[in-house]
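Here are my notes from going through the model you sent over. Have the viewer open while you read.

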Amino acid sequence: MAQRSVWRGAISFGLIYVPIEMYSASREHALNLHFLDSRDFSPVGYERINKVTGKSVDWQHIVKGYEYEKGQYVALSEADFKSANVKASETIDISSFTNAADISPAYYHTPYYLSPGKGGEKVYALLSRTLRATGRVAVATFVMRGRQHLCVVTPAGNRLMLVTLRFSDELLPAAKASQDGAKSVTPKPAELAMARKLVEEMSAAWKPQSFHDTYREDLMRRIRDKISKHQTHELAAEPKKTSRAKADVVNIMDALKKSLKLQGKQGMRRAAPKKAQERKRA
């Protein structure tokens, strides 16, 4: 099934204009859970209620409005959103190029794929190769779904990706307590050396396919188990809370040593099959 584009327009920088189509590059793995009435397991629906009359309102009668004073609104139509800034709603406007490493991970939000529109293949390839060659990303803004987004356009293989960014005022400052705590504690040189050794022992190439949602898998396993046991209309009691392991501040060196020892054993187990294969080949 062909994926539908979520936005169409163009990338604009200087006098360059690249027609593109944007597609989702991520998906959520959240379980599709429903609200149920515990008495008879009937689905609990969502209704749009007029707060004055108490009656249900059809979608065709719902409009978006801005409350400029208590109880006073200005209604906004789709035409209002589009005409607010025609250029912003049709173009990804690049304002600068910067090093990707200069952007804190806290700013990154949602990824999208960009594909060239008809006639834009050559300029699209030119932008992609130039970004790769210079090690830069393009910082831009565009409008989608009624709001403006800050974003970066970055090369990903032979194609371009767009990743939305948070605006600076959308990031909350670090809590004062955590800032003060970080300043007041100074690790000992031996602890730093041991921690660095552990980091080096646990270092590995980034393989995103090695990670998956084990919590969702375990929950689905529990759901299938309930279905097989015909427990389809029972509400299970909440499990007892288990105490979480706490960091032992006093014995941090012991914890580091035990972690290194455990890591060494895991490394030997990983190496054993490789050695066995090498002996077979010999």
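The points below start with the whole chain and then go to particular spots.

1. First, a reminder that this is a predicted model. The chain has 7 helices and 9 strands. Of its 282 residues, 17% count as buried. The accessible surface adds up to about 23200 Å², and carbon and sulfur atoms account for 55% of that. If you take the contacts between residues at least 6 apart in sequence, 61% of them join residues at least 24 apart.

2. Now the barrel. Seen in order, the strands run 1-2-6-9-8-7-5, and these 7 strands close into a barrel with mixed pairing. On average, neighbouring strands in this sheet are turned by 40 degrees against each other, ignoring direction. Helix 3, residues 121-134, packs on the sheet. The strands that helix 3 touches are strand 1, strand 2, strand 5 (91-99), strand 6 (108-116), strand 7 (136-144), strand 8 (147-156) and strand 9 (159-165). Against strand 9, the direction of helix 3 makes an angle of about 70 degrees.

3. For a closer look at one pairing, try strand 1 (residues 7-13) and strand 2 (residues 16-24). They pair in the antiparallel sense, over 7 bridges. If you want a spot to click on, alanine 10 stands opposite proline 19 of strand 2.

4. Which residues make up the nonpolar patch on the surface? They are Tyr66, Tyr68, Val74 and Leu76, and together they have about 400 Å² of accessible area. Strand 3 (64-69) and strand 4 (72-76) each give at least two residues to the patch. Take tyrosine 68, which sits in strand 3: its relative accessibility is 44%, so it counts as partly exposed.

5. Serine 56 is worth a stop too. You'll find serine 56 in the loop between strand 2 and strand 3. Leaving out residues up to four places away in sequence, serine 56 touches Glu47, Arg48 and Ile49. Is this serine buried, partly exposed or exposed? Serine 56 counts as partly exposed because its relative accessible area is 47%, between the cut-offs of 20% and 50%.

6. On to charges: searching the whole structure turns up 6 salt bridges. One of them joins the side chains of glutamate 170 and arginine 147, at 3.4 Å from N to O. This pair ties together distant parts of the chain, with their positions 23 residues apart: glutamate 170 is in the loop between strand 9 and helix 4 (176-184), while arginine 147 is in strand 8. Both partners come out as partly exposed, glutamate 170 with a relative accessible area of 37% and arginine 147 at 38%.

7. Another salt bridge stays within one helix. Glutamate 200 and arginine 196 are both in helix 5 (residues 189-201), 4 residues apart, or about one turn of the helix. Their closest N and O atoms are 3.5 Å apart. Arginine 196 has a relative accessible area of 59%, so it is classed as exposed.

8. Last one: where should you look for a salt bridge made by aspartate 225? Go to lysine 229, where the closest N and O atoms of the two residues are 3.3 Å apart. Aspartate 225 is partly exposed, with 35% relative accessibility.

Conventions: Residues numbered from 1 in each chain as written. Predicted model: local features only at pLDDT ≥ 70, side-chain atom pairs only at ≥ 80, totals over all residues. Heavy atoms only, no water. Patch = residues over 30% accessible without salt bridge, like charges linked within 9 Å, V, L, I, M, F, W, Y side chains within 5 Å. Areas by Shrake-Rupley, 256 points an atom, 1.4 Å probe, with all protein chains shown as cover. Salt bridge = Lys/Arg side-chain N within 4 Å of Asp/Glu carboxyl O. Buried < 20%, exposed > 50% of the residue type's maximum accessible area, 1.4 Å probe, protein only. Pairing = 2+ DSSP bridges. Axes fitted to C-alpha atoms, helices over the stretch in contact; angles between N-to-C directions. Contact = heavy atoms within 4.5 Å.
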